[in-house]
Amino acid sequence: MSKKHTPIDDGCGSGLLSSAAFAGELELPCLHRPDMIKPNIILPFSMRNKRRDASKFLLLREPDVDFDDILRRPKSYVQKMRNCAGVITLEPVLLETSNYTAQLAYTYRSRELALALQHEGINVIPHVCWGEERSYAANAPYDNFAFLGLPPRSILAIGAYGDYTAEPKLYHLRHGLANMLNDLSPAVILIFGKIPDEILSEFKHLTRFLPFPDWGTVTSVPQLRPA
């Protein structure tokens, strides 16, 4: 019987991080600064062959079979990713109700995959995510781990999926974004989904927001363009 390779089989990817730098007490892998290329077309990874365009970016978010295999064998997909301008890496799913250890594990896995792709010469835009205060607040037990290891003054991506017009989601979105801007000073933030206009107006003097539709709401067009 054949057995699937899983992340824990190789010590959670420790071999990929042999030459990495680490940030904070949690020692999250530090990512390199991506090329300052603002995406014009973004394709979900499973639709990477739908458009032959070297300027496209690939989005690693959707739950599909190809994406699942990337987590197990990232180097097997490097050549496919070299035919594009870059990759927006795995979004760690951090919910306000998530267990703290699970939040840390998702964040580590996202950083690990991004660093593995960067080591192969892929241009990677980090996908940033935070949950409740322990993931983003400066006085949190491990110093806002959601931002540890991410490159400052660069281009980053965030997702706003679901209803962010009500509390507590609105509170965490506003305060988490404020802390991210304070810690990382990103030049450009790609937004997937819908962030309330009141929040964009509050922070627009600190960065450039480049909104894209949530891929889950797009069914007829196999690419995302700035909204």
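Let's start with the surface: the chain exposes about 11,100 Å², and carbon and sulfur atoms supply 52% of that. Please keep in mind that this is a predicted model. Of the 227 residues in the chain, 51% are buried. As for the contacts between residues at least 6 apart in sequence, 68% of them join residues at least 24 apart.

Now the fold. We have six helices and ten strands here. Have a look at the open sheet of four strands, which runs in the order β7-β8-β9-β10 with parallel pairing. Its edge strands, each pairing on one side only, are β7, residues 127-128, and β10, residues 208-212. Inside the sheet, β8 (residues 155-160) and β9 (residues 188-193) run parallel and are joined by six bridges. If you want a spot to zoom in on, Ala157 stands opposite Leu190 in β9. Packed on this sheet is helix α5, residues 169-184, which touches β7, β8, β9 and β10. The direction of α5 makes about 175° with that of β8.

On to the interior. Which residues touch the most other members of the largest nonpolar core? They are Met81, Trp130, Ile158, Leu177 and Met180, in a core of 42 residues. Helix α5 turns up again here, giving six residues, the largest share of this core. Met81 is a nice one to click on: leaving aside residues up to four places away in sequence, it touches Phe45, Leu58, Leu60, Ile70, Val87, Leu117 and Ile122. Apart from the largest core lies another, of 14 residues, including Ile42, Phe57, Tyr161 and Leu190.

Finally, the charged pairs. The count comes to six salt bridges, and I'll show you three. In the first of my picks, Glu120 and Arg82 meet with N to O at 3.7 Å. Glu120 sits in the loop between α3 and β6, and Arg82 in the loop between α2 and β5, so this pair ties together parts that are 38 residues apart in sequence. Both are partly exposed, Glu120 at 25% relative accessible area and Arg82 at 41%.

Next, Arg134 pairs with Glu132, with the closest N and O atoms 3.1 Å apart. Is each partner buried or exposed? Arg134 is partly exposed at 35%, whereas Glu132 is buried at 11%.

My last pick is Glu198 with Arg174, at 2.9 Å between the closest N and O atoms. Glu198 belongs to helix α6 and Arg174 to helix α5, so the pair ties together parts 24 residues apart in sequence. Through shared partners, salt bridges join Arg174, Glu198 and Glu202 into one network.

Note on methods:
Residues are numbered from 1 along each chain as its sequence is written. This is a predicted model: local features need pLDDT of at least 70, side-chain atom pairs count only at pLDDT 80 or more; totals for chains, interfaces and linings use all residues. Side-chain values use heavy atoms; hydrogens and water are left out. Helices (H or I, at least four residues) and strands (E, at least two) are DSSP runs, numbered from the N terminus. Buried means under 20% relative accessible area, exposed over 50%, partly exposed in between (1.4 Å probe, protein chains only). Contact means heavy atoms within 4.5 Å. Accessible areas come from the Shrake-Rupley method with a 1.4 Å probe; for residues, only the protein chains shown count as cover. Two strands pair if DSSP finds at least two bridges between them. Axes are lines fitted to C-alpha atoms, for helices over the stretch in contact, and angles run from 0 to 180 degrees between N-to-C directions. A nonpolar core is a set of buried Ala, Val, Leu, Ile, Met, Phe, Trp, Tyr and Cys residues joined through side-chain atoms within 4.5 Å. A salt bridge is a side-chain nitrogen of Lys or Arg within 4 Å of a carboxyl oxygen of Asp or Glu.
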